[in-house]
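Reader: I'm new to this and I'd like to learn how to read a protein model. Could you walk me through one?

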Amino acid sequence: MKNKILVLGATGNIGRPLVENLLARGEHVKAASRSGKDVAGAEGVVFDYFKAESYEQAFKDVDRVYIMLAAGYVQSKELLTPLIEFAANRNIKVVLQTAFGVDADDAIPYRQVELALIDSGTPYVILRPNWFADNFHTFWKAGIDQGQIALPAGTGKSSFIDVRDIAESAAVALTTNQFDGQAFNLTGPEAFSYAEAATVLANVIGNPIQYTAIDDDAFIEMLTAAGVPADYAAFLSAIFYPVREGWTSIVTDDVATLTGNTPRSLQTYAQDHRSQLINS
């Protein structure tokens, strides 16, 4: 009987809380990752975007799937479109995570993935989260340890969203048909510049944090020196352009529409992750 939910990226920042949320709702969950390890008690299954032969076992007994591109990958269209086709051919509902603002231009690869899903005929929900608040204790943690956040964001603002709110939104989308055929732009409740965000974080952790706006070349050089692959460093640099232009400052009610709850504030995120922000 097909009654399981497959979660891609199940060991990641969104995947793990999503798995936990679905299990708490009494769902049967398959946690997909390259290692195939169990996650929070969910059934682990090996999955590799580049190995189509891993799809069959991952999707076995599945009637709903959360599809996302894990961090470190840049080929969204090439890697996600075959997955959508695989799911659609089996009439598996797809909840697809893309990114905030990708619907601005149909030429954007993520938007082309969305359009492929819309045209596939399978039930779907699209989630477009804004910049993650959790990046501060993951991607930008090394800088915070030095009291410095250096990014090519200029003075642009972002309505940072807590990944727990993304996970809760995804859990709702996966466990009800109420929102099928719709797309949601997920944001936090308020927009901050990185300088303002640094102040919020500094007040919570009790250590000074300075934001410095740098250019794309300096950012790419900083990342590659830290071991980030050049193509992924260039990708990360490119997605700060919408920030500088002010396009990520929009605040929506979509988290509340899906979950019935107001999204967590940046201060709440910082307080809940204070130990991770402080400890090296």
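Author: Sure, let's go through helix packing, aromatic rings and a few single residues. Keep in mind that this is a predicted model.

Reader: Okay, helices to start with. What describes two packed helices?

Author: Two things: the angle between their axes and the distance between the axes. Let's try that on α1, residues 15-24, and α6, residues 163-175. These helices pack at an angle of about 45 degrees, and their axes are 9 Å apart.

Reader: What do I call the arrangement of α1 and α6?

Author: Angles from 35 to 65 degrees fall in the oblique class, so α1 is oblique to α6. The crossing of α1 and α6 also has a hand, and here that is right-handed.

Reader: Which residues make the contact between α1 and α6?

Author: On the α1 side you'll find Pro17, Leu18, Asn21 and Leu22. From α6 come Ala167, Glu168, Ala170, Ala171, Leu174 and Thr175. Sorted by class, the contact of α1 with α6 has seven nonpolar, two polar and one charged residues.

Reader: Can we do another pair? At what angle do α8 and α9 cross?

Author: At roughly 140 degrees, with the axes coming within 9 Å. Helix α8 covers residues 216-225, and helix α9 covers residues 230-238. You might be tempted to say antiparallel, but that label needs an angle over 145 degrees, so α8 counts as oblique to α9. The crossing of α8 and α9 is right-handed.

Reader: And which residues of α8 and α9 make the contact?

Author: Helix α8 brings Asp216, Phe219, Ile220, Leu223 and Thr224. Helix α9 brings Ala230, Ala233, Ala234, Leu236 and Ser237. By class, this contact of α8 with α9 divides into seven nonpolar, two polar and one charged.

Reader: Now the rings. What describes a pair of aromatic rings?

Author: Again two things: the distance of the centres and the angle of the planes. In this model, with pairing set at centres within 6.5 Å, the count comes to 17 aromatic pairs. Take Phe59 and Phe86: their ring centres are 5.0 Å apart and their planes sit at 55 degrees, so this pair is tilted.

Reader: Where in the chain do Phe59 and Phe86 lie?

Author: Phe59 belongs to helix α2, residues 55-59, and Phe86 to helix α3, residues 76-88. The pair therefore ties together parts that are 27 residues apart in sequence. Both Phe59 and Phe86 are buried.

Author: For another geometry, look at Phe179 and Phe184, which form an edge-to-face pair. Their centres are 5.6 Å apart, with 85 degrees between the planes.

Reader: Are Phe179 and Phe184 buried or exposed?

Author: Buried means under 20% relative accessible area. Phe179 has 6%, so Phe179 counts as buried, and Phe184 is buried too, with 3%. While you're looking at rings, find the aromatic cluster formed by Trp131, Phe136, Phe139, Trp140, Phe160, Tyr194, Tyr211, Phe219 and Phe240. You've met Phe219 already, in the contact between α8 and α9.

Reader: How about single residues? Which residues does Ala191 touch?

Author: Skipping residues up to four places away in sequence, Ala191 touches Lys157, Ser158, Ser159, Glu196, Ser249 and Val251. Ala191 sits in the loop between β9 (182-186) and β10 (192-193). With 14% relative accessibility, Ala191 counts as buried. Compare positions along the chain with positions in space: Ala191 and Ser249 are 58 residues apart along the chain, yet their C-alpha atoms are separated by 5.3 Å.

Reader: I also keep seeing phi. Which value does Asp61 have?

Author: Asp61 has a positive phi of about 65 degrees, although Asp61 is not a glycine. This residue is found in the loop between α2 and β4 (62-67). With 29% relative accessible area, Asp61 is partly exposed.

Reader: What is phi near in Asn91?

Author: Near 55 degrees, again a positive value in a residue other than glycine. Asn91 is found in the loop between α3 and β5 (93-97). Its relative accessible area is 54%, so Asn91 is exposed.

Note on methods: Residues are numbered from 1 along each chain as its sequence is written. This is a predicted model: local features need pLDDT of at least 70, side-chain atom pairs count only at pLDDT 80 or more; totals for chains, interfaces and linings use all residues. Side-chain values use heavy atoms; hydrogens and water are left out. Axes are lines fitted to C-alpha atoms, for helices over the stretch in contact, and angles run from 0 to 180 degrees between N-to-C directions. Helices (H or I, at least four residues) and strands (E, at least two) are DSSP runs, numbered from the N terminus. Angles under 35 degrees count as roughly parallel, over 145 as roughly antiparallel, 65 to 115 as roughly perpendicular and the rest as oblique. A crossing is left-handed if the near helix is turned anticlockwise from the far one by less than a right angle, and right-handed if clockwise. Contact means heavy atoms within 4.5 Å. Ala, Val, Leu, Ile, Met, Phe, Trp, Tyr, Cys and Pro count as nonpolar, Asp, Glu, Lys and Arg as charged, and the others, Gly among them, as polar. Rings of Phe, Tyr and Trp (its six-membered ring) pair if their centres lie within 6.5 Å; planes under 30 degrees apart count as stacked, over 60 as edge-to-face and the rest as tilted. Buried means under 20% relative accessible area, exposed over 50%, partly exposed in between (1.4 Å probe, protein chains only).
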